Amino acid sequence: MLCGASVYAQDEAERVTFKTSDGFYFVVNDDEPTSVSLLPVSDGYQGDVVTVPSAATDPSTGITYTVTTIGEQAFYYSRCPKVVYPASITKIDGSALFNSYVADVEVAEGNETYVSVDGIVYTKDMTTLWSFPPEHKYDGYVLPETVTAIGDYAFCGLFYLSSFEIPARVKSIGDAAFMGTRLKNIVIPSTVESVGSAAFQNCKQLVSIEFPEGMTLMPDHVLTYCSKLESVNLPSSLTKIGGYAFNGAFIYGKSYGFKCVDEITVPDEVTEIEYGAFQGNRGLASVTLGKKVSKIGLFAFAQCSALKSLTSLNTVPPVCEELDQAVTGVEDAFAEVPEDCVLYVPAESVDAYKAAWGVKFTDIRPIDSAGIEDAGLESGSFEVNVAGGVLTVVASGAVEVYNCAGVKVTSSQDGRVAASLPAGVYIVRGAGRVAKVAL
């Protein structure tokens, strides 16, 4: 077992930490001064089997403590095929095996909180998958029938995990549960009531993800750096988009020759978009903000350097958070958005937006009563047909289709649209022309 220096950062209260004779590092728990938590070491614990003791003695004081907790990132960089947790453990931090090379975990018999089955850790009642070790062989693993929750970091770092079906009985997905995996497609069932922060962060092979209707919060960092997304839905039930939720997720748009997402419509029930939510998405060409968006956080759309069209459907300009008084909030929120980006707003609100957002957007145009203002496009070929509930458009240049509320329902950068839409009246904009069609 490696006996390197501890990487634990002591807090201001200088909590008591010590190293035992067998090379483990511990910290005395604040809430239970007779117990300790296992800490990581700089180069990780090493060995074929690393057995965490149930008791630890501080060599400087001779005091013996009960080992009750496996702490944050306790096995960071550890290269040990098997880890054994003692029966005394009452808490395992979700990140305990983060960035480790552990293949199997055994929980000693008699533990009243956790149990291990085939090297995988669950809560004692088998309702929560607690930890799937990063080096454990996947082999088409299926969640046991009793499991209704996927814990924090449960599959984090499982590099070879490329597919996984979340059963309809699952009610929660923890923080960073699938972070850093190679998932390609994921459907979150309607039974899921909560999705944790960074649940799918850094899933660089993820092509599509479907969130369930009923979600009200898009969690912080949930899709950060998922740069191959071709399809992602924002449920109409959303009321808030968390910080850095989509940071760096839409960096390759169709203008780069990819099929990746290049436009986003924020649902009408969303009232707040937090800091950095869409930051760094240089592939986005078009963004529509729903009717109730009233607050936009710092750098929410910063570095969206390809944005050509921004539509805000709220009649009152959303308030943009300010970092300091030297730069206005709207300049921070949309930092590095091109100067020629056109801002479309309700006709009656043009003056209000000019007063509030004019320092950043110099081209502010009204959404006309039909749905979208038609100035500024070069004229060219433009054919619109309706048959069997399918709207077909062929035009020279980009095409945008709106409903009569001014909400974009589909678009195409290459001038071709074939969309099945609900019955109603739609506005088609392209090649310098606007057409109203009925389905």
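Mentor: Let's start with a word we'll need all the way through: a residue is buried when its relative accessible area is under 20%, exposed when that area is over 50%, and partly exposed in between. Keep in mind, too, that this is a predicted model.

Trainee: Okay, so what share of the protein's residues count as buried?

Mentor: Of the 439 residues, 51% count as buried. The accessible surface comes to about 19200 Å², and carbon and sulfur atoms own 49% of that.

Trainee: What is the overall build, in helices, strands and box size?

Mentor: The secondary structure has 2 helices and 35 strands. Along the principal axes, the C-alpha atoms fill a box of roughly 85 × 50 × 35 Å. As for contacts between residues at least 6 apart in sequence, 43% of them join residues at least 24 apart.

Trainee: Let's try the words on real residues. Why is Pro-40 called buried?

Mentor: Its relative accessibility is 7%. The cut-off for buried is under 20%, so Pro-40 counts as buried. Pro-40 sits in the loop between β3 (35-39) and β4 (49-51). Its C-alpha atom is 8.8 Å from that of Tyr-77, a residue 37 places away along the chain.

Trainee: And what makes Phe-159 exposed?

Mentor: Phe-159 has 54% relative accessibility. Exposed means over 50%, so the label for Phe-159 is exposed. You'll find Phe-159 in the loop between β13 and β14. Leaving aside residues up to four places away in sequence, Phe-159 touches Gly-180, Thr-181 and Arg-182. The C-alpha atoms of Phe-159 and Phe-258 are 24 Å apart, with their positions 99 residues apart along the chain.

Trainee: Now the salt bridges. How many does the structure hold?

Mentor: The structure holds 9 salt bridges.

Trainee: How do you know that Lys-82 and Glu-106 form a salt bridge?

Mentor: The nitrogen-to-oxygen distance between their side chains is 2.8 Å. The rule asks for a Lys or Arg nitrogen within 4 Å of an Asp or Glu carboxyl oxygen, so the pair qualifies. The bridge links distant parts of the chain: Lys-82 is in strand β7 (residues 82-85) and Glu-106 in strand β9 (residues 104-107), 24 residues apart. Lys-82 has 30% relative accessibility, which makes it partly exposed, and Glu-106 is partly exposed as well, at 33%.

Trainee: What makes Glu-145 and Arg-169 a salt bridge?

Mentor: Their closest N and O atoms are 3.7 Å apart. The limit is within 4 Å, so this pair counts as a salt bridge. This pair also links distant parts of the chain, 24 residues apart: Glu-145 is in the loop between β12 (128-131) and β13 (149-150), and Arg-169 is in the loop between β13 and β14 (172-173). Glu-145 is exposed at 67% relative accessibility, while Arg-169 is partly exposed at 23%.

Trainee: Asp-363 and Arg-365 form a salt bridge too. Why does Arg-365 get the label buried?

Mentor: Arg-365 has a relative accessibility of 17%. Buried means under 20%, so Arg-365 falls on the buried side. Asp-363 has 25%, so the label there is partly exposed. The closest N and O atoms of the two are 2.8 Å apart.

Trainee: Which residues are linked in a network of salt bridges?

Mentor: Glu-400, Lys-408 and Arg-429 are.

Trainee: What is the phi value of His-221?

Mentor: Phi of His-221 is near 60°, a positive value in a residue other than glycine. His-221 lies in the loop between β18 (217-218) and β19 (231-232), and is partly exposed at 28% relative accessibility. Glu-336 has a positive phi as well, about 75°, though it is not a glycine. Its place is the loop between α1 (329-333) and β27 (342-346), and at 54% relative accessibility Glu-336 counts as exposed.

Trainee: Last one: how many cavities of 30 Å³ or more are there?

Mentor: The count comes to 1. The largest cavity holds about 50 Å³ of space. Its lining includes Gly-94, Phe-98, Tyr-153 and Cys-156. By class, the lining has 7 nonpolar, 3 polar and no charged residues.

Note on methods:
Residues are numbered from 1 along each chain as its sequence is written. This is a predicted model: local features need pLDDT of at least 70, side-chain atom pairs count only at pLDDT 80 or more; totals for chains, interfaces and linings use all residues. Side-chain values use heavy atoms; hydrogens and water are left out. On a 1 Å grid over the protein atoms alone, a cavity is a set of points where a 1.4 Å probe fits but cannot get out, and a pocket is an open set with protein on both sides within 12 Å along at least five of seven lines; lining residues have an atom within 4 Å of a point. Grid points are joined across faces, edges and corners, and a volume is the space filled by probe spheres set on the points. Ala, Val, Leu, Ile, Met, Phe, Trp, Tyr, Cys and Pro count as nonpolar, Asp, Glu, Lys and Arg as charged, and the others, Gly among them, as polar. Helices (H or I, at least four residues) and strands (E, at least two) are DSSP runs, numbered from the N terminus. Buried means under 20% relative accessible area, exposed over 50%, partly exposed in between (1.4 Å probe, protein chains only). Contact means heavy atoms within 4.5 Å. Accessible areas come from the Shrake-Rupley method with a 1.4 Å probe; for residues, only the protein chains shown count as cover.
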